[in-house]
Every structure is written in C-alpha cells, then in structure tokens.
Amino acid sequence: METIFLILVGGMTKASIYFLVAAGLTLVFGVGKVINFAHGSLYVLAMYVTYSISTGLFGGGPYSFWYALVLTPILLGAFGCIIERFLLRRIYGKEHLVQLLLTYGLVYIFQDIYRLGWGVMPKIVPHTTFMGGSMSIMNVTIPQFNLFVIFCSAAVFLALSLVVSKTSFGRFSRAVAFDEGMCELLGVNTQAVYTGIFALGCFLAGIGGALATQLGVVHLGMSAHITILAFILVIVGGVGSINGAAVAAILVGMTESFGALFLSEFGLVLIYLVMVTVLLWRPFGLFGKPAF
Amino acid sequence: MLRDDKSVNRTKAALGTALALALLLTPLLIDGYWLHLLMEIIILGFFAISLNLVMGYGGMISFGHAGFYGIGLYITAGLLKHSGLPLPLILLTASLCGALCGLIVGYLCVRLRAFYFAILTLAFGQLIWAVIFKWYKVTGGEDGIIGVPLPEFLSNETTLYFFILAICAFCIGIIYWIVNTSFGQVLAATRENSERTECIGVNCNRHRLVAFVISTFFAGLAGGLYCLLSRSAFPDLVEWGKSGEVLLSCVLGGMYSFFGPFVGAALMIMLESLVTSFFTDRWPLVLGTIFVVVALAVPQGITGYIQEKLQRRLATLKQTGATP
Amino acid sequence: MIIKVEGLNKSFGGVKAVNNVNLSLQRSEIRALIGPNGAGKTTFFKLLAGNLKPDSGRVIFEDEDIAGLKPYEIYRKQIHKTFQHLNLYPKLTVFKSVQLAFVSQHGKRWDLFSWMGRMFEDEVMDLLHKVELVDKAEVQSGALSHGEKRRLDLAIALAGDPKLLLLDEAASGLSPDEAREVMALIIRLARERELTVCFIEHDMSFVFGLAERISVLHMGELIAEGDPEEIRNNETVKRIYLGE
C-alpha cells in the first residue's frame with residue numbers, strides 16, 4: 001500500500017513535468033503548425049540555465065534555486081522570441097520535412113552548445129532547503145518538493161486554460177489555429193500571435209526544466225528522451241489540446257512509474273504500448289480533431 | 001525535346017559507366033582509411049536509397065529507419081560471433097528480421113499521414129534502440145558487441161570492399177527495378193494524390209506497407225553490411241541520430257531523383273571525415289548547421305537544385321534556338 | 001436493373017444530408033440528379049463511391065450489397081466517379097495518369113516484375129484520342145487548361161472500363177461552349193459503350209437535353225423522379241426551384 005502511494009506520487013510528479021513540456025509543444029504545434037523537434041532541447045537548456053543561475057549567479061545559497069525558478073522561464077521565453085523571429089518564421093507553411101530538418105538541426109546545435117558551455121560531466125543543482133524536506137501523509141513520507149511540482153503544474157494547467165478561453169490572446173490563438181488567412185484579413189497580427197505562442201511554449205519548458213533540476217541530475221543525453229516523450233504526449237493527447245496534454249501526461253507518467261515497478265528496465269516499452277493502443281483506438285489522439 | 005532527352009540519357013550512361021569503372025578500380029589506388037571511408041559511403045548510400053523508396057517514392061517521412069538498420073547490425077554481429085552459420089544466411093536473417101519489424105511497425109503506422117507518421121516511426125525506432133540499450137545480457141548495452149569475427153575469405157580488405165560493393169550494387173539495382181515497375185509507379189501515385197489513387201482502385205495503405213517492408217528489408221541488410229565493416233555493434237548506430245543522418249542524406253542529395261540520396265550520403269561522410277579531422281568533436285554543431293542551412297536554402301536537395309538549374313538552362317537554350 | 005439504392009441515410013451531426021433515399025437505375029440509362037445547393041447530391045455520390053460510409057441503407061449493385069465498401073473496392077466493382085473539384089496528378093503526365101488507371105484496372109498494381117514504361121500504350125492512346133488529348137499526352141496534368149483537365153478526369157474514370165459512371169458536375173467551371181463539348185463527348189462515349197451514367201448538373205439545358213430520366217433531391221430527400229417532361233411539369237419541383 002505504501003509503495004503504491006509512493007509510486008502514485010512519483011508518477012504524478014513525472015506527469016507534472018511532462019505536462020509542462022508537452023503543453024508548450026502542443027500549443028506551438030496546434031497554433032503555429034510547426035513541428036518543433038527542438039522543444040525537448042529547450043527544456044534541457046532550461047535545466048542548464050537553472051544550474052548556472054543558482055550556482056553561478058546566486059552562489060548556491062539555500063534560496064538560489066528559487067531565484068532561478070523565476071528567472072529561467074523568463075530567459076527561455078525571451079530566447080524563444082529570438083528563435084521564432086529569426087528561424088521558425090521562415091518555415092511556417094512549408095513542407096513538414098523542411099520543418100523537421102530545421103528543428104532537428106537545432107537539436108544538434110543545442111547539443112553541442114551544452115557541451116561547449118557546461119562540459120560533459122553531469123551537473124547537480126544544489127537542493128533547496130525551503131520545501132526541501134519531506135512530510136508525512138497517511139504514515140507515508142513524501143518529499144515536499146514533489147508535491148510542490150504537482151501543485152505548480154496544476155496551477156499552470158488552470159492558468160493556461162483560462163488564458164486560452166478567456167483572454168484576447170487566447171481567442172486570437174484559437175482563431176489563428178483555425179484559419180490563419182481569415183485572421184490576417186480581419187486584421188489580427190498573426191506574426192505576433194506566433195511569436196507569443198512560441199515564447200509561451202519556451203516559458204513553460206523553462207518552468208518544467210527548472211523544476212526538474214531538483215528531481216535529478218542534468219546531463220547531455222537527456223534531450224532525445226524528453227523530445228520523443230513530448231511528441232508522444234502531444235500525439236496521444238491530440239494536437240493543440242491542453243486537456244489532452246494533461247491527460248496524456250498523467251497516463252504516461254503513471255505508466256512509466258508502475259512499469260518501472262513491475263518490469264524494471266523494460267517499463268519504457270509500456271509507454272509505447274499505451275501510445276499504440278490509444279492511436280489504434282483514436283488515430284488523432286484522445287482530444288484531437290482530424291483536421292490537422 | 002527528343003534530342004535533349006537522348007543527350008541527357010547519353011550523359012547519364014556515360015556518368016554511370018565512369019562511376020562503375022572508378023568504383024572497380026579504386027582499391028588499386030587507395031587503401032586503409034580511404035578505402036574504409038569509401039565502404040562507409042557505399043553502405044550509407046545504399047541505406048539512404050532504401051529509405052528513399054519510402055520517402056521519395058512513397059511520401060512517408062520515416063524517422064525510425066535506424067531501428068531496422070540496428071536490428072540488422074546486431075543480428076549480424078550476434079550470429080557471426082556465436083553461430084557457425086554461413087555469411088549469406090546470416091545477412092539474409094538480418095534483412096528478414098529488419099523486414100519483420102518493418103511489417104509490425106509499418107502496419108501500425110501506414111494509416112497515419114505526414115508528421116504523425118514521422119513521429120510514430122521515430123518513437124518505434126527509439127523503442128528498438130531502448131531495447132538494445134537496456135538488454136545488457138544479449139546486446140552488451142552501452143558496451144556494444146566488439147571483436148566480431150569475419151569469415152576467412154573476407155579478411156582481406158580489398159575482398160571485403162568488393163563483397164560490399166557487389167551486394168550494394170545488386171540491391172540498389174533491385175530497388176531501381178522496383179521503382180520502375182507498375183508497383184513502384186502506383187506507389188509514386190499514392191504520394192502524388194492518395195485520394196485519387198484510392199479512386200482508381202488502389203488500396204494505398206497496403207501499397208505503403210509493402211514499400212515500407214521492402215525498404216526495411218534493405219535497411220536491415222545495410223546494417224548487416226556495416227557490421228562486416230566495423231566488426232562491432234554499438235547502440236549509437238541505432239539511435240535517432242542515425243535516422244536523422246540517413247534522412248538528411250536523402251534530402252541533401254535530393255529525394256526526387258533515384259541516385260540523389262547516394263550523392264547526399266557521399267557528401268555527408270566526406271564532410272564528417274573532413275570536419276572531424278580538423279575540429280575533432282565539433283561534428284554535431286556542423287551537422288546541425290547543415291540541417292538548418294539545407295532546410296532554409298535548398299529544401300529540394302543538391303540534385304534537385306542542379307536539375308532545376310539545368311532545366312532552366314535547357315529552356316533558355318531552346319528559346320534562343322527557336323529564333324535563329 | 002444495374003443498381004438499386006434502398007433507404008440510404010447519412011447525417012452530419014444533426015443534419016440529415018441524405019434521408020431515406022430509394023433510387024434505381026436501368027442498365028445503360030442516362031440519369032440526371034438535380035436539386036438546389038445543399039440538397040445532398042454530392043453526399044449521395046460519395047456514399048455510392050465509398051468516399052463516405054452510409055449510416056444505414058443498402059446499395060445493391062449487380063445483386064451485391066456494396067454499401068460501406070472502401071473507394072478502391074467500389075472502383076473494382078467498376079463504379080467510377082469523376083470529381084466535382086478537380087483531383088488529378090498535377091506532376092504526372094497525361095499519359096501516365098490514364099495509364100495508372102489501366103494498370104490498376106488490369107490487376108497490375110502489385111506487379112513487381114515488369115516495368116510500367118509504355119504498358120497499355122495502345123489502350124491509353126486510344127482513349128486519349130477519344131477525349132481529344134492525344135497531342136497533350138506528354139504534358140504534365142497541372143499544365144493543362146481547365147477544359148482539358150475535365151476531359152482527363154473523364155479519361156481516368158473511363159480507363160477502368162466502368163459499368164456505372166458517376167459524374168459530379170463534370171462540366172463545372174467551363175465556358176458554355178466547352179461545357180457543351182464535354183457533355184456531348186460524355187454522352188457520345190456512354191452511348192458507344194452502353195454505359196449507365198448518373199450525372200449531377202446545374203445547367204438545366206444539359207439536364208433536360210441529355211438525360212433520359214431525372215431524379216430531384218431536396219434537403220436530402222428524393223422528391224420527384226421521371227422523364228424530363230414529367231419533371232418539367234412537376235408542381236413540387238417548380239415550387240422548390242421557383243419559390244412559392
């Protein structure tokens with residue numbers, strides 16, 4: 001029973017991080033119609049940036065991580081604006097293959113940037129003392145930070161849902177996703193929407209990456225796994241759907257945790273089984289529409 | 001127009017003969033590192049052409065072909081090391097296993113279009129990689145399989161070269177044959193307009209699936225041949241980086257010409273060797289930059305670019321010729 | 001009787017696009033299907049050709065229920081359809097576009113042993129001759145004029161030797177002269193081959209000039225059927241087309 005509960009919390013923590021990454025990707029995908037292979041790399045970049053901010057800029061003090069948690073997403077969002085402005089803007093509406101090539105090229109470039117900037121050794125972000133302890137629920141000891149991650153992710157989910165449904169930015173985004181040409185005719189600044197959406201995606205990856213530094217080490221081999229996982233989540237959830245990304249993240253996070261318990265190393269295989277089952281059942285994902 | 005076609009054909013035939021002669025005579029001139037490099041080019045070129053059957057002709061962006069290549073690679077390595085089977089049988093087993101996995105993956109993927117297909121094949125490719133990477137007992141995990149023994153008759157480098165050249169040339173010939181048959185042409189039609197092709201009585205998904213299986217058969221064989229060359233097998237060669245490399249070969253060389261992918265593969269290998277000999281480990285950065293530049297500047301590939309230029313030249317020549 | 005449609009239904013959301021339609025065609029008859037915009041004509045054709053799956057109902061073609069089959073299966077039953085919105089192979093030559101249809105019809109789809117090359121050359125050229133596209137044989141379909149594209153579309157549909165030909169506004173987008181030419185060509189070829197033809201058309205001069213019988217669809221329902229004279233005098237039809 002205790003194990004099950006621990007695994008549930010572990011699975012939800014994973015799911016929370018996955019959601020933050022997948023939500024950004026699904027927005028970029030759904031609105032900008034761009035296949036961004038580099039999304040996982042941006043997430044890893046966020047981890048390295050968090051490392052540098054908390055150990056370098058703030059000297060690794062007890063609260064350094066919290067400064068980094070605020071700064072990293074902002075930096076990533078700004079960086080996203082630059083990438084969107086100078087690279088992605090040239091490939092909107094092009095063949096899928098061209099988009100794949102360009103963003104896949106970015107994956108390689110980022111990979112070398114990490115190595116040049118931070119070296120090949122894994123990096124550990126000093127653990128925060130605030131929220132760093134553990135607490136006990138129903139006689140089970142749970143790290144406080146895991147609960148914080150779950151809380152953050154849930155807050156982001158609510159905020160995103162509100163932004164998409166209530167704000168004018170959200171309305172414009174949905175309109176642009178639906179029919180870009182019409183929006184341009186109606187005077188919507190579609191370029192600004194694209195930039196905004198991409199920056200938002202990077203911002204979310206920034207939060208996810210920053211939080212994830214407290215759960216494990218940062219190393220070079222991470223981007224492939226998270227990139228592919230993020231795509232699986234987006235496809236399972238349905239392109240462009242925040243709710244879909246959330247459900248898929250929980251599904252995959254739990255599968256991964258329980259899979260690790262029962263199948264140890266081959267738990268990973270279960271994720272693919274989940275994906276294949278969902279896609280056979282609903283070819284456009286749980287919340288997806290056939291349009292895209 | 002007819003005369004142009006003829007002269008183009010003659011140029012092509014001359015180029016082909018020259019290339020064949022060159023490939024046959026090279027082992028007399030070069031050896032060691034350079035011959036090794038040439039064999040790598042031939043194998044990657046063959047791999048790229050087999051992928052292009054799916055991409056250029058079938059219109060399916062497969063981002064997981066390294067998985068099938070890897071299956072061929074590991075099966076060849078394992079069988080060479082632990083079984084006494086004759087080499088042709090081993091290579092055949094490797095290809096068939098590649099094709100079998102291709103059948104399963106293809107069955108699940110062909111109903112999907114465009115990027116869904118790309119992502120799903122990528123996921124399956126990574127699944128194969130993950131299994132190879134984690135199944136330490138069988139595959140040696142990260143350490144890979146090393147010291148694969150070769151049969152007696154291949155111990156000589158030149159013989160190995162001719163062995164690889166012969167198999168690759170033969171199989172490229174088969175693929176060339178396939179794309180020109182009714183099957184291949186109908187496949188190309190499914191890429192052009194699958195809705196219309198359904199309406200002339202073609203089950204497009206089944207055509208796609210068969211093309212995918214054929215392609216993965218040859219991908220497995222390419223992996224097996226690479227094992228003969230490297231005498232080892234490592235999980236790096238199964239990862240998505242390899243899928244990306246062979247995909248880039250196709251696009252760089254040009255997906256819409258038969259030999260384009262081979263040209264792309266040659267460029268890739270030569271460039272890699274050049275870059276790594278000057279900057280040792282900056283290859284990923286250079287490769288990434290090539291990806292970006294190709295995507296922005298020459299999405300139709302090198303051969304596509306040359307063809308366009310040539311056609312424009314021919315058109316202007318015709319115009320000036322028409323008004324003497 | 002070559003085809004008999006019984007109680008065919010198709011809804012999109014709450015809208016009944018095709019509502020309990022019964023219709024049958026005699027062998028080698030030429031039938032027009034008319035009705036105002038949104039009457040469900042194209043949906044009806046799509047149901048017959050397999051592009052859409054009916055919710056219920058039967059389509060008996062030569063004593064066999066073909067409702068719900070895939071487009072390629074229906075094509076193999078020799079029911080061929082042209083497209084309302086042109087749907088060709090822009091990058092393939094005219095010759096090859098038609099040749100593909102021949103290859104498919106003669107079961108050479110899976111032929112891995114012979115090159116397509118000039119396979120069925122005589123048949124293709126013969127057909128191109130009939131639709132007056134011989135001199136365009138080596139031109140890319142995308143470079144044809146609109147009228148030529150319409151004729152190519154027809155040629156592809158005819159290549160498979162259809163028993164039933166469904167023409168969805170085969171002359172739309174053409175000038176009146178071209179339209180007359182294309183329609184006359186279709187009727188001539190149909191008579192020659194004793195084809196059964198069912199065509200959707202908005203131009204009433206074609207409908208009343210060419211069709212032997214006319215069926216009228218309105219809001220998804222079949223409201224009238226008869227020879228041109230009967231339809232001309234039908235009160236319901238008048239009301240629908242002319243208003244109250």
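Chain contacts in the predicted model

Biologist: Which chains have no contact joining them?
Modeller: No contact joins chain A and chain C, a contact being two residues whose C-beta atoms, placed from the backbone, lie within 7 Å. The closest C-alpha atoms of chains A and C lie 15 Å apart. This is a predicted model, in which local features need pLDDT of at least 70 and side-chain atom pairs count only at pLDDT 80 or more, while totals for chains, interfaces and linings use all residues. Residues are numbered from 1 along each chain as its sequence is written, and chains are lettered from A in the order in which they are written.

Biologist: Which chains share the most contacts?
Modeller: Of the 2 pairs of chains that touch, A and B have the most contacts. Chain B puts in 32 residues and chain A 30 residues.

Biologist: And which helix gives the most on the chain B side?
Modeller: That is α5(B), with 11 residues. Helices α5 (114-134), α11 (240-253) and α13 (283-297) of chain B each supply at least two residues; helices are DSSP runs of H or I, at least four residues, numbered from the N terminus.

Biologist: What is that side of chain B made of, by class?
Modeller: It has 24 nonpolar, 4 polar and 4 charged residues. Ala, Val, Leu, Ile, Met, Phe, Trp, Tyr, Cys and Pro count as nonpolar, Asp, Glu, Lys and Arg as charged, and the others, Gly among them, as polar.

Biologist: Turning to chains B and C, how many residues does each put in?
Modeller: Chain C gives 27 residues and chain B gives 18 residues. On the chain C side, α2 (71-76) and α3 (94-105) each supply at least two residues, and α3(C) gives the most, with 5 residues. By class, this side of chain C divides into 16 nonpolar, 5 polar and 6 charged residues.
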